[in-house]
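Visitor: I would love a close look at a single part of this model, taken slowly and with the cut-offs spelled out. Please pick the part yourself and follow it from one end to the other.

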Amino acid sequence: MPEIADIIRQTLAALGVSTPAEVTARFDALRAEFERDTTSARDEASWKSLRDAWLGRKSGVLNRITEQWLKSAPPELRPVVGRSLNELRAHVEQGLESLQRSIAAAAEKAALARERVDLSLPGVIRPLGSRHLVRQTFEEIERIFLSLGFTVVEGNEIETPYYNFEALNIPEHHPARDTMDTFYLDLPPGSKPHLLRTHTSPMQVHTMEKQQPPVRIIVPGKVYRRDNPDATHSYVFHQVEGLAVDTDVTFCEFKGTVEYFVREFLGSAAKTRLRPSYFPFTEPSVEVDASCFVCMGKGCRLCKFSGWIELFGAGMVDPAVYGFVNYDATRVSGYAFGLGVDRLSQLKYGIDDVQLFFQNDVRFLRQFP
Ligand SMILES: [Zn+2]
């Protein structure tokens with residue numbers, strides 16, 4: 001950009017010119033000066049200062065020439081000065097206008113380039129969650145029993161001792177209560193005692209209170225015990241209770257149901273074995289074992305070289321339980337079972353620490369999409 005003072009000085013020096021040719025030469029020089037200036041204006045701001053330098057009302061080059069040169073030029077030179085001045089003004093105005101257009105076009109092109117969306121770029125991949133392994137096992141168990149005509153019911157995790165113990169044939173001071181170290185709720189004095197259910201069995205009683213036989217239900221849910229957490233114990237764990245009561249439910253149906261479940265859950269090669277056991281609310285009671293699916297019964301570390309793995313407890317409903325729900329024990333019979341969902345998941349997927357189910361470490365969870 002020329003120093004305006006310089007231009008004025010030059011133009012004023014031209015006052016010494018005496019021929020039209022010298023005037024024209026001086027204006028040609030000014031025109032070249034303007035052309036040089038335009039090459040340095042690349043954006044809106046520098047374009048504005050260029051415009052002010054040449055067309056500004058007070059200090060613009062053209063107005064200064066008009067003021068100081070045209071007015072003081074010798075009369076014989078005024079026509080040629082005036083004409084040259086008009087031509088230069090037209091040239092400057094036109095030049096500025098087209099420069100403004102090309103600056104705007106360049107700015108728009110740059111903006112478009114900046115905002116360009118490349119549709120071929122890979123998208124942002126957001127990690128997807130998945131169902132927890134325990135939830136998957138719940139759903140697998142539910143699928144198997146729904147196919148046998150069972151329905152799913154759910155119940156409260158807070159229970160009274162009556163439903164958690166007494167109505168299941170576990171009176172106070174019964175030794176079975178010791179095996180289920182219980183969380184009691186801290187309630188104001190005088191309140192009825194409440195506890196966190198130690199098994200899903202209370203829903204057996206709730207269901208039979210409301211519904212006459214036939215009853216075929218499973219009860220998935222969380223249960224709570226004051227166990228010390230270790231590789232096989234946790235304060236909270238998961239069960240699926242099962243109950244079938246009707247007028248003609250036999251031990252044979254019970255055994256068939258258990259065998260069907262084991263084959264569906266562990267694979268068609270799995271064999272089932274029932275061992276006598278004891279639970280207060282079933283009589284007779286059994287432990288259900290499955291043939292070891294790792295060694296196929298030959299003996300390995302998982303089955304402690306016995307060839308069998310203990311799966312869950314079950315049995316025919318103790319007739320004493322029917323007394324609590326006004327069922328006629330001479331007319332109805334049934335069976336019940338309690339599946340430990342965590343244990344079954346551990347066995348099926350070879351997980352040696354139940355705590356992994358509760359830590360929610362994604363490196364663990366991702367293995368079970
Ligand atoms: Zn084995």
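Guide: What follows is a walk through one sheet and its surroundings.

First, some ground rules. The model is predicted, so local features need pLDDT of at least 70, side-chain atom pairs count only at pLDDT 80 or more, and totals for chains, interfaces and linings use all residues. Residue numbers start from 1 along each chain as its sequence is written.

The part I have picked is an open sheet of seven strands, with mixed pairing and the order β1-β4-β5-β9-β8-β7-β6. Strands here are DSSP runs of E with at least two residues, helices are runs of H or I with at least four, and both are numbered from the N terminus. Two strands count as paired if DSSP finds at least two bridges between them. At the edges stand β1 (151-152) and β6 (272-279), each with a single partner strand, so one side of each has no neighbour in the sheet.

Let's begin with β4, which covers residues 215-224. Just before this strand, the loop between α8 (202-210) and β4 holds P214, and the peptide bond joining P213 and P214 is cis, with omega about 5°. Within β4 itself sits G221. It counts as buried because 20 other C-beta atoms lie within 10 Å; the scale calls a residue buried at 20 or more such atoms within 10 Å of its own C-beta, exposed at 12 or fewer, and partly exposed in between, with C-beta atoms placed from the backbone. Leaving out residues up to four places away in sequence, G221 touches E154, G155, E157, T200 and Q239. Contact here means that the C-beta atoms, placed from the backbone, lie within 7 Å.

Next comes β5 (236-246), which pairs with β4 in the antiparallel sense over 10 bridges. K222 stands opposite H238 in this pairing. Nine of the 11 residues of β5 are buried, so the strand is largely enclosed by the rest of the structure. Helix α6 (residues 133-146) lies across β1, β4, β5 and β9, and runs at about 5° to β5. For such angles, axes are lines fitted to C-alpha atoms, for helices over the stretch in contact, and values run from 0 to 180 degrees between N-to-C directions.

β5 also pairs with β9, again in the antiparallel sense, over eight bridges, and F337 in β9 is the bridge partner of G242. Between α10 (319-324) and β9 there is a loop that contains N326. Phi of N326 is near 60°, a positive value in a residue other than glycine, and N326 is exposed, with 9 other C-beta atoms within 10 Å.

Towards the β6 end, the loop between β7 and β8 (308-317) holds K304. Its phi is positive too, near 50°, and K304 is exposed, with 12 other C-beta atoms within 10 Å. As background, most residues other than glycine have a negative phi, and most peptide bonds are trans.

Finally, seven bridges join β6 to β7 (residues 282-291), and the two strands run antiparallel. A hairpin links them through two residues. Among the bridge partners, R273 is matched with D289, while L274 stands opposite V288. β7 also contains P284, and the peptide bond joining E283 and P284 is cis, with omega about 0°.

How values were computed: Two residues are in contact if their C-beta atoms, placed from the backbone, lie within 7 Å.
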